[in-house]
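Let's go through this one as a run of quick questions and answers. Have the viewer open while you read.

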Amino acid sequence: MHNTARRPFSALLVVTAIGIPLAAFSQAKYPSRPITLVLPAGAGTGVDIIGRLGAQKLSEVLGQPVVMENVVGASGVIGVQKVTRAKPDGYTLLLAFNQTITMNPHVVANLPYDPQRELLPISQFAAAPFVWMVNAQVPVKTFPELVAYAKSQPGKLAMGVTGFASAAYLGSQLLAYQTGAEVLPVNYAGNFSADLMSNVVQLSMSPAAQVPALVASGKVRALAQTGERRADGMKDIPTVSETVPGYVIDAWYGVWAPAGTPKDVIATLTEAWRSVASKPEIRERLAALSAVAVGSTAQELDELIRKETKMWGDVVKARKITPAQ
């Protein structure tokens, strides 16, 4: 009787002893292993450059390696889809340009993901304006003159764009929607700066980082930047919104996790990315790229996504743009 009574108690001790380390392991503090940051663009692109800049500091803040993975193809679609299908545990993240989140749903046919349902926002990391530029042979020297010229001679000015789902193409459509200024988009598979300088195409809406070299050539004029306010380093270039109120387009970069990622993990990641964005060395390096650090909350990024998605939806509908296959 004595030995029989002791057996259950001994078994309980064994189970408890085994259970303690198992419970401790399952509740390990996040992150406890390397994080993969998916970049849905190739090496040398804005997404790649800014993503790698952020990832290096994120690793320091979280105390874990951050492994970058470039997933190229289909205007960023393949990379985004990889993240939407990943395990929602905080160890696979997406750093993407806003085109993939707020523009693609309207201009890419059969998009295999719904960004607002299948991704959770973490933080807007950085933003940079585009700059409207014109070949120096075109007889306009200000943005108001450009609008007037394109209205009086619709389609005469050819504008280089890298795809009909690109921010530049949609930027031209937004301008037409708001002002009636019509340009002729010409699609390029890659960089068309040489054609802009030689007047094969007369216009571009290019990332701010490309502006100094083009303007220095003397063959191109910068007319206006697309941000909400004049960016540091480009104070002499007016904004489009000074001529066309409400015309604001930023190339911004945000971070997302797969839907279903625990709230405490999202909170940890949001604070980590905000910490990265606040570091002086990050701000300096982004400024050298004509970009600014943002470091938003998850809610602020969500509100930005919804607002911008609606704006592009209105433009696409009004301009009767057909989604690209």
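Helices here are DSSP runs of H or I with at least four residues, strands are runs of E with at least two, and both are numbered from the N terminus. Keep in mind that this is a predicted model.

Q: How many helices and strands are there in the protein?
A: The chain has 325 residues, 49% of which count as buried. As for the secondary structure elements, the count is twelve helices and ten strands.

Q: What box do the C-alpha atoms of the protein fill?
A: The box is taken along the principal axes. Its dimensions come to roughly 105 × 40 × 30 Å.

Q: Among contacts between residues at least 6 apart in sequence, what share joins residues at least 24 apart?
A: Take the contacts in the protein whose partners sit at least 6 apart in sequence. The share of these that join residues at least 24 apart is 78%.

Q: How much of the area that the protein exposes is supplied by carbon and sulfur atoms?
A: The protein exposes about 15600 Å². The part of it from carbon and sulfur atoms is 56%.

Q: How far apart are the centres of the positive and negative side chains?
A: There are 29 positive and 23 negative side chains to work with. Take the centre of each set, and the separation is 4 Å.

Q: Does Val-315 count as buried or exposed?
A: Val-315 sits in helix α12, which spans residues 298–318. Leaving out residues up to four places away in sequence, Val-315 touches Gln-173, Leu-174 and Tyr-177. Its relative accessible area is 0%, so Val-315 counts as buried.

Q: Are α7 and α12 roughly parallel or roughly perpendicular to each other?
A: The axes of helix α7 (residues 167–179) and α12 come within 10 Å and cross at roughly 70°. Angles of 65 to 115 degrees fall in one class, so α7 and α12 are roughly perpendicular.

Q: Which residues of α12 make the contact with α7?
A: On the α7 side, the contact uses Leu-170, Gly-171, Gln-173, Leu-174 and Tyr-177. Facing them from α12 are Trp-312, Val-315, Val-316 and Ala-318.

Q: Are α2 and α11 roughly parallel or roughly antiparallel to each other?
A: α2 and helix α11 (residues 280–287) pack at an angle of about 170°, with their axes 11 Å apart. In the contact, Ile-50, Leu-53, Gln-56 and Lys-57 of α2 meet Glu-281, Ile-282, Arg-285 and Leu-286 of α11. An angle over 145 degrees settles the class, so α2 and α11 are roughly antiparallel.

Q: What is the relative accessible area of Ala-55?
A: Ala-55 is part of helix α2, residues 46–62. Beyond its neighbours up to four places away in sequence, Ala-55 touches Leu-37, Val-66, Met-68 and Trp-273. Ala-55 counts as buried, and its relative accessible area is 2%.

Q: How many residues of helix α4 are buried?
A: Helix α4 covers residues 99–107. The buried ones are Gln-99, Thr-100, Ile-101, Thr-102, Met-103, Asn-104 and Val-107. Out of nine residues, that makes the buried count seven.

Q: Is Gln-225 buried or exposed?
A: Gln-225 is found in strand β8, residues 220–225. Neighbours within four places in sequence aside, its contacts include Pro-129, Phe-130, Val-131, Met-234 and Ile-237. At 0% relative accessibility the cut-off of under 20% is met, so Gln-225 is buried.

Q: What is the omega of the peptide bond from Tyr-30 to Pro-31?
A: Most peptide bonds are trans. The bond from Tyr-30 to Pro-31 is cis, and Pro-31 is found in the loop between α1 (2–26) and β1 (35–39). For this bond, omega is near -5°.

Q: What is the phi of Asn-110?
A: Asn-110 lies in the loop between α4 and α5 (115–118) and counts as exposed at 70% relative accessibility. Most residues other than glycine have a negative phi. Asn-110 is not a glycine, yet its phi is positive, at about 55°.

Q: Where does Lys-320 lie?
A: Lys-320 has a positive phi of about 55° although it is not a glycine. With a relative accessible area of 71%, Lys-320 is exposed. Its place is in the segment after α12.

Definitions and conventions: Residues are numbered from 1 along each chain as its sequence is written. This is a predicted model: local features need pLDDT of at least 70, side-chain atom pairs count only at pLDDT 80 or more; totals for chains, interfaces and linings use all residues. Side-chain values use heavy atoms; hydrogens and water are left out. Buried means under 20% relative accessible area, exposed over 50%, partly exposed in between (1.4 Å probe, protein chains only). Contact means heavy atoms within 4.5 Å. Accessible areas come from the Shrake-Rupley method with a 1.4 Å probe; for residues, only the protein chains shown count as cover. Lys and Arg count as positive and Asp and Glu as negative; His and the chain ends are not counted. The place of a charge is taken as NZ of Lys, CZ of Arg, CG of Asp or CD of Glu. Axes are lines fitted to C-alpha atoms, for helices over the stretch in contact, and angles run from 0 to 180 degrees between N-to-C directions. Angles under 35 degrees count as roughly parallel, over 145 as roughly antiparallel, 65 to 115 as roughly perpendicular and the rest as oblique.
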